[in-house]
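Visitor: Could you take me on a close look at one part of this structure, the pairing of strands in its sheet, and then lead me outward from there to whatever surrounds it? I would love one connected account.

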Amino acid sequence: MNHKGIDFPALIKEWLARNQQSGISLLQELVRAKSTQGNEATCQNIIFRTLTNMGLQVDVWDPDEVELQQNPYFASSRTEFKGSPNVVGLLKGTGEGRSIILNGHVDVVPDGDRDQWVHDPYSGTIENGKMYGRGVTDMKGGNVSLLLAIQVLQALNVKLKGDVIFESVIEEESGGSGTLASILRGYKADAAIIPEPTNMKIFPKQQGSMWFRLYIKGRSAHGGTRYEGVSAIEKSLIVVNHIRDLENKRNERITDPLYKTIPIPIPINIGKIEGGDWPSSVADLVKIEGRMGVSPEEKMEEAKKEMENWLLRIGDVDPWFKHYPLKLEWFGARWLPGSIQTDHELVTSLSRNYKTVLKKDPVVEASPWGTDGGLLTNVGETPSIVFGPGVTEKAHFPNEYIELVKVFEAAEIIALTLLDWCGVETNRSYTD
């Protein structure tokens, strides 16, 4: 991309190479700020300081729980958000250009069993070009890529025509309340990039998901005469197999080529089972909790209805359920599916700049998990792409890491895409 004789790809690459240490230090500082649910303030203070030093217009607020709870897309288990702020920075354009949201979440999942970690989860240890720590790949590394993309254009004295809105949000891991709060505050744009850990793949489509709970009844009896009872635990195995049949049925319908390398495009996962209250008693109640995947073009209500109708048919598998039907509840977190066309101009631009930087064509796929992209696309009317430097297979895992070189490659690609998408003010002199 040459503009009036200026080789932007070369200038951006050179600046990022010279400023690697500051980017690495910022990422390490963010990782060391343990930002599990309810503990996001320290991390957001770092973001606030960074955006302020960059000269952006900064907006900080605690999401309004009353406003959120009245919204049909609210899905968090939290009842208040005091001390858990969103932070937004605005790089104002000169006008007549397209705007873009760069959206990243700072909340991280718990670190789990520390015995499975080689390094402290919040140390930000660097070894062999990788930084380790909870949240480094999901998705603080991607957030730093966004910040570096803005910083390099500022350093080169580039003036974009369109606005760039950097959003550092909470609650993505719990259903997207932070992004929803940003939408309700009025933040919308012509498009958005979310740097979730995609292994540098481009996801124009994001799977949705929602949590469900099932109650399975049995009949209690003494364990010594268990044949006089009906084990809810044994009945739960029938339910799990019945749900697996639904998963197979739903996935057989998926023909989208963006899912061709994903073994199960929209899984139904059983994540929790509780049942029984005494070893010498036949269990008379089992509770199952799980996650239902929703395809990018599917409505959440359609998926719910299919699950409900399918579970009504379990009496044909085992007559017990005709007399003691399953109780189904939808609860907790949910993530809206999202989809934009693969020939959308932002996809085209991102792909072209990927090839410019990495000298190969990008992989364009559909996301195997939910993101805030569904909210931005469908509620915020902001078409969204998911693309980031993190390692998909390490998100939520012990010994989570990111390859540092990918943070800077993603920043380079995103910076070039900002030039394309937002447009560049022509009456400028540029510097490296």
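Guide: Let's start with strand β11, residues 208-217, and strand β13, residues 285-294: ten bridges join them, and the two run antiparallel. Please keep in mind that this is a predicted model. If you would like a particular pair to find on screen, look for W211, which stands opposite R291 in β13.

Now widen the view a little. These strands belong to an open sheet of four, in the order β12-β13-β11-β14, with antiparallel pairing. β12 (268-275) and β14 (327-335) stand at the edges; each has a single partner strand, so one side of each is left without a neighbour in the sheet. From one strand to the next, the twist averages 20°. As a general reminder, strands of a sheet pair through backbone hydrogen bonds, either parallel or antiparallel.

Two helices pack on this sheet, and they are worth tracing in turn. Helix α7, residues 232-252, touches β11, β12 and β13, and its direction makes about 10° with that of β13. Helix α8, residues 300-312, touches β11, β12, β13 and β14, and its direction makes about 155° with that of β14.

From here you can follow β11 into the largest pocket. That pocket has a volume of about 550 Å³. It is lined by 24 residues, and those closest to its centre are P368, W369, G370, A395 and H396. β11 supplies at least two residues of this lining, and so does β16 (364-367). In character, the lining divides into ten nonpolar, six polar and eight charged residues.

Helix α8 leads you to another opening, the second largest pocket, which holds about 380 Å³ of space. Among the 17 residues that line this pocket, Y73, K299, M300, L336 and N378 are the closest to its centre. Elements giving two or more residues to the lining are α8, β15 (338-339) and α11 (373-378). Of these, α8 gives the most, with three residues. The lining of the second largest pocket divides into seven nonpolar, four polar and six charged residues.

Y73 and L336 are good residues to hold on to, for they turn up again in the lining of the largest cavity, along with G175, R334, W335 and L375. The structure holds one cavity of 30 Å³ or more, and about 40 Å³ of space lies in the largest cavity. Its lining residues divide into four nonpolar, one polar and one charged.

Next, look at some pairing of another kind, around strand β17, residues 384-387. Strand β9, residues 192-194, pairs with β17 in the parallel sense over three bridges, and I194 stands opposite V386 in β17. Strand β10, residues 202-206, pairs with β17 in the antiparallel sense over two bridges; there, I202 stands opposite F387. In a regular strand the side chains alternate between the two faces of the sheet. In β17, S384 and V386 point one way while I385 and F387 point the other way, and all are buried.

One more sheet rounds out the tour. Three strands form an open sheet in the order β6-β7-β18, with antiparallel pairing. β6 (126-127) and β18 (401-403) are at the edges, each with a single partner strand, so one side of each is left without a neighbour in the sheet. β6 and strand β7, residues 130-132, run antiparallel and are joined by two bridges; the bridge partner of I126 in β7 is M131. Helix α2, residues 20-32, packs on this sheet, touching β6, β7 and β18, and its direction makes about 20° with that of β7. Helix α5, residues 136-155, lies across β7 and β18, running at about 40° to β18.

Finally, here is a residue that can take you back towards our starting point. V405 is found in helix α12, residues 404-422. Its relative accessibility is 47%, so V405 counts as partly exposed. V405 and V240 are 165 residues apart along the chain, and their C-alpha atoms are separated by 43 Å. If you want to return to the sheet where we began, helix α7, residues 232-252, packs on it.

Conventions:
Residues are numbered from 1 along each chain as its sequence is written. This is a predicted model: local features need pLDDT of at least 70, side-chain atom pairs count only at pLDDT 80 or more; totals for chains, interfaces and linings use all residues. Side-chain values use heavy atoms; hydrogens and water are left out. On a 1 Å grid over the protein atoms alone, a cavity is a set of points where a 1.4 Å probe fits but cannot get out, and a pocket is an open set with protein on both sides within 12 Å along at least five of seven lines; lining residues have an atom within 4 Å of a point. Grid points are joined across faces, edges and corners, and a volume is the space filled by probe spheres set on the points. Ala, Val, Leu, Ile, Met, Phe, Trp, Tyr, Cys and Pro count as nonpolar, Asp, Glu, Lys and Arg as charged, and the others, Gly among them, as polar. Two strands pair if DSSP finds at least two bridges between them. Axes are lines fitted to C-alpha atoms, for helices over the stretch in contact, and angles run from 0 to 180 degrees between N-to-C directions. Contact means heavy atoms within 4.5 Å. Buried means under 20% relative accessible area, exposed over 50%, partly exposed in between (1.4 Å probe, protein chains only).
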